[in-house]
Amino acid sequence: IRGTFRPDDPVWAMGWDRRSVLLAVCDNESWQTYRLPKASHAMDPTHGWYTEWPRIREVQQNFALMCMHGMFYRFPLDFRHDHTGGIRPLASHLRYVTDFCGLKDLLVLSADDTSILENPLAGQSQSNLWFGRLEDLSTWGIGYAFGGPWLGDRVEEDVPSDPYLFDGFRGRMLHLAAGGGEPVDVLLEIDRDGNGEWEPYASMRIPSSGYTWRAFEDREPGEWIRLRTNRDATISAYF
């Protein structure tokens, strides 16, 4: 484990809640939270051990991996408030990856693939190392994932949600639901290049029936997407 190279280097932190994966960055003494999708609900145990180990690691020169909630991402080493572009999903998985590193031209994963903790049917625990190559990840699970910024949350009028990762996935869809029996207008905004500059992108109306959806073309741009409403409401927004 080594520290920062410069005093003004950003600090990254990861976690998750019931909505999605959390990526927080401290830059210039202020924190900003970003959200990414989950690739599996198998990583949602009550004991929370899936967030115990470091999850961002440089495995080749200027190439870092981020592993969280069943998904490997390429992670930009210059990620900070004004440079948030470049996070891309590489593979989904169901491994219990406790840490990883590069070894010459290899990728090494440490794993706790089977644990008898809360799983008496396993018989015995199995922990070992996996040796492969970075390109092997492309043969793993597909880039399918889900999550969102709101899940039955009370949202205040015109207060933007946390940014949610928008680029890197195909077949994208947004589901919106609201309670109360009254229409709610939702404005979608995108950060096109990951530079912190937000622009209006689309508007959706949740009807009085309480549900609507939208599919996105694969070519539609934007590193990050966020939402805001025209009134206070109880909202779910799930991608």
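A residue counts as buried when its relative accessible area is under 20%. The exercises below apply this cut-off and related criteria to a predicted model.

**Exercise 1.** Determine where S40 is found and whether S40 counts as buried or exposed.

*Solution.*
1. S40 is found in a loop, with strand 3 (30-36) on one side and strand 4 (56-60) on the other.
2. The relative accessibility of S40 is 9%, so S40 counts as buried.
3. The side chain of S40 reaches the backbone nitrogen of A42 at 2.9 Å.
4. When neighbours within four places in sequence are left aside, the contacts of S40 are H69, L94 and F146.

**Exercise 2.** Describe how strand 2 and strand 3 pair, and characterise their hairpin.

*Solution.*
1. Strand 2 (residues 21-27) pairs with strand 3 in the antiparallel sense, over 7 bridges.
2. One position in this pairing is given by V25, whose bridge partner in strand 3 is Q32.
3. The hairpin has 2 residues between the strands, and N28 takes a positive phi near 55° in it.

**Exercise 3.** For the open sheet with strand order 11-18-13-16, identify which strands stand at the edges.

*Solution.*
1. The sheet is formed by 4 strands, and the pairing is antiparallel.
2. Strand 11 (150-155) and strand 16 (211-215) each have a single partner strand and stand at the edges, so one side of each is left without a neighbour in the sheet.
3. From one strand to the next, the twist averages 20°.
4. The pairing of strand 11 with strand 18 (residues 233-238) is antiparallel and runs over 4 bridges.
5. Within strand 18, A233 is the bridge partner of V155.

How values were computed
Residues numbered from 1 in each chain as written. Predicted model: local features only at pLDDT ≥ 70, side-chain atom pairs only at ≥ 80, totals over all residues. Heavy atoms only, no water. Buried < 20%, exposed > 50% of the residue type's maximum accessible area, 1.4 Å probe, protein only. Polar contact = N/O pair within 3.5 Å; in protein donor to acceptor, adjacent residues only side chain to side chain. Contact = heavy atoms within 4.5 Å. Pairing = 2+ DSSP bridges. Axes fitted to C-alpha atoms, helices over the stretch in contact; angles between N-to-C directions.
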